[in-house]
Amino acid sequence: AEGAFTGEVSARMLQALHVNLVLVGHAERRGLFLEQDVDLNKKVAAAIDAGMHVLLCVGETGDERAFGVSVETVCRQLKIDLHGLAPEAASKLLVAYEPVWSIGAGGVPATPDDIAPIALVIRATLEGLFGSHGTAVPILYGGSVNGGNAGTFVTIPEIDGLLVGRAGWTVESYLETLNAALASRA
């Protein structure tokens with residue numbers, strides 16, 4: 001909550017700016033800054049304790065996918081990152097599935113067949129952790145989402161929305177992505 005943590009941002013600092021949602025566990029933070037799940041658990045708990053909402057990102061690397069441990073990886077991340085939270089805390093959560101192998105400039109676009117089974121596992125894990133409260137946690141998909149594929153992702157039953165990365169860098173690209181998603185949901 002406070003202390004000598006130069007370069008870090010506390011919940012109190014964000015609240016002073018009227019921020020009420022934090023992104024935790026993004027693949028870039030996990031990969032580039034070596035954030036571990038036990039550290040992410042502390043960040044999630046601190047944000048929830050401060051009354052903030054948390055968008056938690058989970059997803060497997062290309063190697064983990066190749067070794068066939070996608071399900072285990074995502075379940076492990078969820079179980080550690082959300083460990084110790086009360087069931088009522090689920091109302092402050094959103095979970096984004098972002099397969100690391102599919103994000104960024106070199107990402108391989110995922111298909112609904114890649115995403116749907118993992119989304120089901122995420123839902124089942126959330127229900128296991130939070131009981132009936134876990135059914136209401138929104139699940140987002142974020143992996144090279146753009147105007148050309150957003151419509152296919154929002155038709156997956158367990159996907160409640162999208163985490164848009166590069167396609168959100170310009171207003172035009174973001175609107176194209178948004179409109180594609182909305183058209184598919186209509």
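Q: Does "buried", "partly exposed" or "exposed" describe R185, and why?
A: In this predicted model, R185 has a relative accessibility of 44%. Buried would require under 20% and exposed over 50%. The value for R185 falls under neither heading, so R185 counts as partly exposed.

Q: In which helix does R185 lie, and which residues does R185 touch, leaving out those up to four places away in sequence?
A: The helix that holds R185 spans residues 171–185 and is α8. Contact here means heavy atoms within 4.5 Å. With residues up to four places away left out, R185 touches V154, I159, D160 and G161.

Q: What distance separates the C-alpha atoms of R185 and T135?
A: Along the chain, R185 and T135 are 50 residues apart. In space, the separation of their C-alpha atoms is 20 Å.

Q: How many helices and strands does the protein have, and in what pattern do they follow each other?
A: The secondary structure comes to 8 helices and 5 strands. Read along the sequence, these elements give the pattern α-β-α-α-β-α-α-β-α-β-α-β-α.

Q: In what order do the strands stand in the sheet?
A: The sheet is open and is formed by 5 strands. Their pairing is parallel. The order is β1-β2-β3-β4-β5.

Q: Which strands stand at the edges of the sheet?
A: A strand at the edge has a single partner strand, so one side of it is left without a neighbour in the sheet. This applies to residues 21–24 and to residues 161–162. The two edge strands are β1 and β5.

Q: How many bridges join β1 to β2, and which residue is the bridge partner of V24?
A: β1 and β2 run parallel and are joined by 4 bridges. The bridge partner of V24 lies in β2 and is L56.

Q: How many bridges pair β2 with β3, and which residues of β3 stand opposite V54 and C57?
A: The pairing of β2 and β3 is parallel and extends over 5 bridges. V54 stands opposite L93 in β3. The residue of β3 opposite C57 is A96.

Q: Which residue of β4 stands opposite Y97?
A: Strand β3 covers residues 93–97 and strand β4 covers residues 139–141. The two run parallel and are joined by 3 bridges. Opposite Y97 in β4 stands Y141.

Q: Why is β2 described as largely enclosed, and how many residues of β3 are buried?
A: In β2, 5 of the 6 residues are buried, so this strand is largely enclosed by the rest of the structure. β3 is mostly covered as well. Its buried residues number 4 of 5.

Q: Which helix lies across β2, β3 and β4?
A: The helix in question consists of residues 112–130. It runs at about 150° to β3. This helix is α6.

Q: What radius of gyration does the protein have, and why does it agree with a compact globule?
A: The protein has 186 residues, and a compact globule with that number would have a radius of gyration near 16 Å. The C-alpha trace spans about 45 × 35 × 30 Å along its principal axes. The radius of gyration agrees with the globule value, being 16 Å.

Q: What share of the residues is buried, and what share of the exposed area comes from carbon and sulfur atoms?
A: Of the 186 residues, 41% are buried. The protein exposes about 9,900 Å². The carbon and sulfur share of that area is 60%.

Note on methods
Residues numbered from 1 in each chain as written. Predicted model: local features only at pLDDT ≥ 70, side-chain atom pairs only at ≥ 80, totals over all residues. Heavy atoms only, no water. Pairing = 2+ DSSP bridges. Axes fitted to C-alpha atoms, helices over the stretch in contact; angles between N-to-C directions. Rg over C-alpha atoms; globule rule 2.2 N^0.38 Å. Buried < 20%, exposed > 50% of the residue type's maximum accessible area, 1.4 Å probe, protein only. Areas by Shrake-Rupley, 256 points an atom, 1.4 Å probe, with all protein chains shown as cover.
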